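User: I would like to go through this structure step by step. Please keep the answers short and explain each term when it comes up.

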Amino acid sequence: MSIVTVQLGQCGNQIGFEVFDALFSDSHCPQGLCSKRENEAYQASCKERFFSEEENGVPIARAVLVDMEPKVINQTLSKAAHSGRWKYDQHSCFCQKQGSGNNWAYGYSVHGPRHKESIMDLIQKEVEKCDSLSGFFIIMSMAGGTGSGLGAFVTQNLQDQYSNSLKMNQIIWPYGTGEVIVQNYNSILTLSHLYRSSDALLVHENDAIHKICAKLMNIKQISFRDINQVLAHQLGSVFQPTYSGEGSWHYRRNPLGAFKDPALYTSWLEPVHAFSVWKTQRAFSKYEKSAALVSNSQFLVKPLDVTVGKAWNMFASKAYIHQYTKFGIEEEDFLDSFTLLEQVIASYCNL
């Protein structure tokens with residue numbers, strides 16, 4: 001089962017490169033701490049999932065790269081090619097210069113519809129290379145401008161065109177101190193649209209990853225690449241393939257004693273059904289032992305509530321609304337987003 005990755009904007013393309021590099025490095029690690037046969041099966045599974053046919057002996061990432069400026073895409077293509085280990089298909093890239101600044105509404109209402117056919121054709125060609133499509137992995141910023149709006153638009157079209165395939169969006173929660181003055185507007189618009197069209201949102205907070213770099217890795221001057229590499233490492237461990245073969249991998253429901261506590265789960269979900277474990281003997285990235293946890297919990301309630309509150313305060317004073325209305329995002333669209341996210345917050349608070 002293959003996954004097609006869609007890398008959107010500067011954030012999506014830079015993280016996407018690090019993810020593929022981490023996956024390739026892991027799959028070709030000679031010290032998998034398992035038998036040769038198991039390691040070969042693992043490599044074959046990883047290749048089928050994330051890479052397509054080889055060109056001159058070099059695997060090609062199953063990815064479509066989209067951005068509004070050529071610089072980041074060119075850098076991403078070059079870094080992969082110069083690694084000599086894997087590369088992108090340069091024909092799976094779309095770059096068309098935007099016409100009006102860095103604007104969410106422009107990305108969603110203008111840039112997306114204008115280039116819908118070209119972008120979806122590239123995705124279709126990548127899908128056709130898969131013997132069996134598992135789904136799509138969309139990497140994007142949540143609070144960015146045009147790229148976030150375009151990402152919401154593309155995800156919506158993937159839902160329309162590939163309704164039976166899984167669509168998982170990996171989104172980056174912005175720094176609490178702020179990166180873009182309208183980041184809270186962009187965040188609520190992105191989240192509300194993805195909530196309707198995506199099957200799963202995999203969220204990483206910039207502040208949390210920054211703390212990992214500073215406190216656990218002791219990096220003094222933290223760069224975006226440091227943050228992206230931590231993200232890629234976490235994503236790589238989550239996507240670590242399981243593979244068939246006797247004794248290769250095991251699936252068990254709630255085998256760990258600490259996770260049997262009913263207090264950890266909502267009352268209407270039995271612990272035996274609420275927690276599952278996948279195990280494999282094959283080590284990830286040279287670690288003798290490693291664990292990755294993906295949870296659907298209340299941990300995002302507070303940051304989401306803060307973001308919605310800040311956006312509402314700006315909206316109440318009509319601040320910067322004209323930047324959105326001039327490209328077709330009306331005040332009613334904001335109100336719909338506020339209503340939906342308030343319902344989400346209430347639902348999680350009642351778990």
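User: Is Tyr-320 buried, partly exposed or exposed?

Analyst: In this predicted model, Tyr-320 is found in the loop between α11 (301-316) and α12 (322-325); helices (H or I, at least four residues) and strands (E, at least two) are DSSP runs, numbered from the N terminus. Buried means under 20% relative accessible area, exposed over 50%, and partly exposed in between (1.4 Å probe, protein chains only). Tyr-320 has 30% relative accessibility, so the class is partly exposed.

User: How far can the model be trusted, and over which residues is the pLDDT below 50?

Analyst: pLDDT is the predictor's confidence in each residue, from 0 to 100; the protein has a mean of 87, and 93% of its residues reach 70 or more. Where pLDDT is low, the predicted coordinates should not be read in detail. The stretch with pLDDT below 50 is residues 243-251.

User: What rules apply to numbering and to the atoms used?

Analyst: Residues are numbered from 1 along each chain as its sequence is written, and side-chain values use heavy atoms, with hydrogens and water left out. As the model is predicted, local features need pLDDT of at least 70 and side-chain atom pairs count only at pLDDT 80 or more, while totals for chains, interfaces and linings use all residues.

User: Which element gives the most residues to the largest nonpolar core?

Analyst: A nonpolar core is a set of buried Ala, Val, Leu, Ile, Met, Phe, Trp, Tyr and Cys residues joined through side-chain atoms within 4.5 Å. The largest one has 53 residues, and Ile-123, Tyr-185, Tyr-324 and Phe-334 touch the most other members. With six residues, the element that gives the most to this core is α11.

User: How many residues apart in sequence are the parts that Arg-282 and Asp-26 tie together?

Analyst: The side chains of Arg-282 and Asp-26 meet in a salt bridge at 2.9 Å, N to O; a salt bridge is a side-chain nitrogen of Lys or Arg within 4 Å of a carboxyl oxygen of Asp or Glu. Both residues are buried. Arg-282 lies in the loop between β10 (276-280) and α11, and Asp-26 in helix α1 (residues 9-27), so the parts tied together are apart in sequence by 256 residues.

User: Lys-167 and Asp-199 also meet in a salt bridge; what is the relative accessible area of Asp-199?

Analyst: The N to O distance of this pair is 3.7 Å. Lys-167 is buried, with a relative accessible area of 0%. Asp-199 is partly exposed, and its relative accessible area is 45%.

Definitions and conventions. Contact = heavy atoms within 4.5 Å.
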